[in-house]
Amino acid sequence: LVALASTFPPYVCVMRAQLVLAVFLLDAVVRIGAPTAPADLAALKDFYHSTNGTKWREGFTWQTGIDSNLDPCDNLEYYKGVTCNKNGGDPDRQVTQIWLSAMSLEGTLPPNFGDMTAMQQLFLTYNNISGTIPETMCNISSLLYLELSQNKLSGTIPNCISKLSKLQKWDTRNNMLTGTIPASFGQLSELQGLYLSSNRLSGTVPKELFDAKRVEVLILSYNELEGTVPKIFSRYKIKETASMQGLSWMDLRSNDLQGTYPDMMALLASV
């Protein structure tokens, strides 16, 4: 074998050694961690830049990660507030949570924000995010919690929200949203909390909201809603115990609603 090996030219042996080293390094990369899915990676970077990441509180860690070309899901210590699915070694890891409340975010949400389709929890409350809620947000079919309260969002609520079939909580309180409340909220079979107070929403209260059977909290106060409270709301069941399904809180005050409230409103006050 020694004699046979000695017959190979030196450059062949070097090439073989380089090939073995490359395979070893590739195997190490796969075992240590797989890159973030390209769509998620692009969306995270655009999100950072469109919300003036250099002005975030503790945003320097993201900047270091981006400048150093560090993969987010493999280097979460640099991308604070981000959580990813799967484990190191799995391909195309995706973002499942962004929690950046009270971090001095400003600017707008980028159009490709909805490309992070595996996200389940989004917490961006108490910031200064402006602009509209991107239509692409409806592409995040896995979303469970959307919390964007206490920002400066404007425009209308996307009508495509019926695509968020797993959504349990929508909270956009204390913004500057206009337009009407989409009746498609009633198509969300898992929705438990709908918080829309302190915006500039107009039109009537959609009777279709009653179709979201698991709703426990319905907060529509401090808007510009008009008309009457849908009569079908009188059929809401009152949640009297923790294990019981039903409505526990409904707030419609400080609107331009007329007529009488359903009898069940008096029952809610005593729960």
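In this predicted model, the link between C73 and C84 is left-handed, with a torsion of -80° about the S-S bond. The pair joins distant parts of the chain, since C73 sits in the loop between α4 (60–67) and β1 (82–84) whereas C84 belongs to strand β1, eleven residues apart. The sulfur atoms of C73 and C84 are 2.0 Å apart, and the two residues form a disulfide. Both C73 and C84 are buried.

A search of the whole structure finds two disulfides, and the other link is formed by C138 and C160, with their sulfur atoms 2.0 Å apart. The torsion about the S-S bond of C138 and C160 is about 75°, and the disulfide is therefore right-handed. Because C138 lies in the loop between β5 (128–131) and β6 (145–147), and C160 in the loop between β7 (152–155) and β8 (169–171), this pair ties together parts that are 22 residues apart in sequence. Both C138 and C160 are buried. When the bonded cysteines of the protein are numbered in sequence order, the pairing reads 1-2, 3-4.

Turning to the nonpolar interior, the largest nonpolar core contains 60 residues, of which F47, I98, F113, L124, W170, F185 and L218 touch the most other members. At least two residues of this core are supplied by each of α3 (38–50), α4, β1 and β2 (95–99), and the largest share, four residues, comes from α3. For L218, when residues up to four places away in sequence are not counted, the contacts are L194, L209, F233, Y236, L247, W249, M250 and D251.

Helix α4, one of the elements that supply this core, has T61, W62, Q63, G65 and I66 among its buried residues. The cover over the buried residues of α4 includes α3 and β1, and β1 is also the strand that holds C84 of the left-handed link. After α4 comes N69, a residue whose phi is positive, near 55°.

The strands β3, β5, β7 and β9 make up an open sheet of four strands, in the order β3-β5-β7-β9 and with parallel pairing. The edges of this sheet are β3 (106–108) and β9 (176–177), each of which pairs on one side only. In general, strands of a sheet pair through backbone hydrogen bonds, either parallel or antiparallel. Between β5 and β7 the pairing is in the parallel sense and extends over two bridges, and G131 stands opposite L153 in β7.

The loop between β4 (121–123) and β5 contains N127. This residue has a relative accessibility of 5%, and N127 therefore counts as buried. Two polar contacts to the backbone are made by the side chain of N127: the side chain reaches the backbone nitrogen of L105 at 3.0 Å, and the side chain also reaches the backbone oxygen of L124 at 3.1 Å. L124 is itself one of the residues that touch the most other members of the largest nonpolar core. Leaving aside residues up to four places away in sequence, N127 touches L100, S101, A102, M103, S104, L105, Q150 and N151.

Note on methods: Residues numbered from 1 in each chain as written. Predicted model: local features only at pLDDT ≥ 70, side-chain atom pairs only at ≥ 80, totals over all residues. Heavy atoms only, no water. Disulfide = S-S within 2.5 Å. Buried < 20%, exposed > 50% of the residue type's maximum accessible area, 1.4 Å probe, protein only. Core = buried A, V, L, I, M, F, W, Y, C linked by side-chain atoms within 4.5 Å. Contact = heavy atoms within 4.5 Å. Pairing = 2+ DSSP bridges. Polar contact = N/O pair within 3.5 Å; in protein donor to acceptor, adjacent residues only side chain to side chain.
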